[in-house]
Amino acid sequence: MVKENIRRLYNRAVGLLSEPKLNGAEPSSVEPNKPDAIYTSWLKEHPSALTSFQAMTSAMAQGKQIVVFLDYDGTLSPIVSDPDRAFMSDAMRCALREVAKHFPTAIISGRSRDKVYGFVKLDEVYYAGSHGMDIMGPPSHVNSYDGKYQTNTMDKKGNEITIFQPAKEYLPTIKKMLEEIKQRSCDIPGVFVEDNRFCISVHYRHVLSEDCGDLEEIIHNLLSEYPNFHLTRGKKVLEIRPSIKWNKGDALVYLLETLGFSNSSDVLPFYIGDDKTDEDAFKVLRSRGQGHGILVSSSPRETSASYSLRDTTEVLSFLLRLSRWTDTVLMSK
């Protein structure tokens with residue numbers, strides 16, 4: 001019964017995104033607002049992954065293995081005012097499950113790994129939290145990484161997995177800093193301090209503009225006491241992270257290696273993300289000359305991604321198209 005409900009929901013999502021087109025246009029449910037001239041020009045450099053889908057997937061017909069990487073907030077879930085309510089839709093979950101049936105799939109997020117798993121609730125997917133500093137991946141036999149950061153264990157279903165945490169020695173200090181930033185910022189209305197295990201996220205979406213300077217001063221003063229940490233910025237969030245050479249791009253490379261695609265020419269990675277931190281992964285794909293970075297953005301901006309999608313609705317459409325295309329290829333064989 002559960003499988004029937006999942007299949008029914010998946011088919012419903014496919015139906016909504018594959019209604020008959022009018023004059024060759026995308027269905028109204030995913031049709032973007034009329035773009036302005038600047039956005040139209042930007043699209044020439046970063047074309048839609050939907051209209052470019054056939055060209056992007058042509059490499060698979062040549063025997064390449066697709067591997068799918070995604071950010072969470074702003075990619076699989078809309079950006080919301082309350083970070084604890086960044087729920088993904090059932091349709092998105094079903095589409096992601098279908099993709100993961102065919103391709104190795106991983107989510108690389110700034111959130112804690114446990115929190116992302118709590119939102120997604122799929123065991124078919126690998127998870128990398130804290131901007132890749134907390135990875136749950138396939139069993140690793142890779143010797144190019146320090147063994148003290150890797151732990152081989154079992155998941156809840158008895159499957160062998162590897163936990164990789166390159167910043168684990170910073171954890172006691174992070175816990176101390178978390179309490180300090182909560183105490184120092186408690187008098188600023190609207191601040192939300194989020195524990196993302198290996199990084200601390202200070203959300204200021206609900207902070208008055210006249211208070212933002214005071215909040216930044218508090219954070220900079222705290223960082224002056226902890227020289228092994230630094231500040232990065234996201235969408236209405238300031239993040240305190242250990243100063244180690246590790247980011248989402250490194251997490252992507254690590255996962256490719258543990259999946260058996262180290263220095264392989266037979267792999268085609270896709271990375272879909274909307275945040276500044278995703279640029280590290282886009283740059284890795286460019287430097288490898290392999291795979292496709294896809295930026296989720298409804299406005300033009302500088303990026304190392306090759307393609308674009310406007311919003312989470314178009315991400316859903318892309319994932320559905322990818323899973324349906326795979327089913328069609330398999331049926332034709």
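I'll start with one residue, His292, which is found in strand E12. Bear in mind that everything here comes from a predicted model. Is His292 buried or exposed? Its relative accessibility is 14%, and the cut-off for buried is under 20%, so His292 counts as buried.

What is His292 in contact with, if we leave aside neighbours within four places in sequence? The list is Met56, Leu268, Pro269, Phe270, Tyr271, Leu285 and Tyr307. There is also a distance for Ile272: its C-alpha lies 8.6 Å from that of His292, and the two are 20 residues apart in sequence.

Tyr307 leads to the next strand. Strand E12 covers residues 292-296, and three bridges join it to E13, the two running parallel. One residue pair to look at is Ile294, whose bridge partner in E13 is Tyr307. So on the screen, Tyr307 turns up as a contact of His292 and as the bridge partner of Ile294.

Now the sheet itself. E12 and E13 belong to an open sheet of nine strands with mixed pairing. Reading across, the order is E5-E6-E4-E3-E2-E1-E11-E12-E13. Which strands stand at the edges? They are E5, residues 150-154, and E13, residues 307-309. Each has a single partner strand, so one side of each is left without a neighbour in the sheet. On average, neighbouring strands here are turned by 20° against each other, with direction ignored.

Staying with this sheet, helix H4, residues 90-102, lies across strand E1 (65-70) and strand E2 (105-108). The angle between H4 and E2 is about 125°.

Next, some backbone angles. Most residues other than glycine have a negative phi. Ser130 has a positive phi of about 50°, and it is not a glycine. Where is Ser130? It sits in the loop between strand E3 (126-129) and strand E4 (134-137). His131 is in the loop between E3 and E4 as well, and its phi is also positive, near 60°. Both count as buried: Ser130 has 0% relative accessibility, and His131 has 2%.

Another positive phi is in a hairpin. Strand E7, residues 192-195, and strand E8, residues 200-203, run antiparallel and are joined by four bridges. Phe192 has His203 of E8 as its bridge partner. Four residues lie between the strands of this hairpin, and there Arg197 takes a positive phi near 65°.

On to a pair of helices. The axes of H6 (residues 171-185) and H7 (residues 209-224) come within 10 Å and cross at roughly 145°. The crossing is right-handed. Which residues make the contact? From H6 they are Met177, Glu180, Ile181, Arg184 and Ser185. From H7 they are Leu215, Ile218, Ile219, Asn221, Leu222 and Leu223. By type, that contact has seven nonpolar residues, two polar and two charged.

To finish, the chain as a whole. The protein chain has ten helices and 13 strands. It has 333 residues, of which 53% count as buried. The chain exposes about 16,100 Å², and carbon and sulfur atoms supply 50% of that area. Among contacts between residues at least 6 apart in sequence, 62% join residues at least 24 apart.

Conventions
Residues numbered from 1 in each chain as written. Predicted model: local features only at pLDDT ≥ 70, side-chain atom pairs only at ≥ 80, totals over all residues. Heavy atoms only, no water. Axes fitted to C-alpha atoms, helices over the stretch in contact; angles between N-to-C directions. Left-handed = near helix turned anticlockwise from the far one by under 90°. Contact = heavy atoms within 4.5 Å. Nonpolar A, V, L, I, M, F, W, Y, C, P; charged D, E, K, R; others polar. Buried < 20%, exposed > 50% of the residue type's maximum accessible area, 1.4 Å probe, protein only. Areas by Shrake-Rupley, 256 points an atom, 1.4 Å probe, with all protein chains shown as cover. Pairing = 2+ DSSP bridges.
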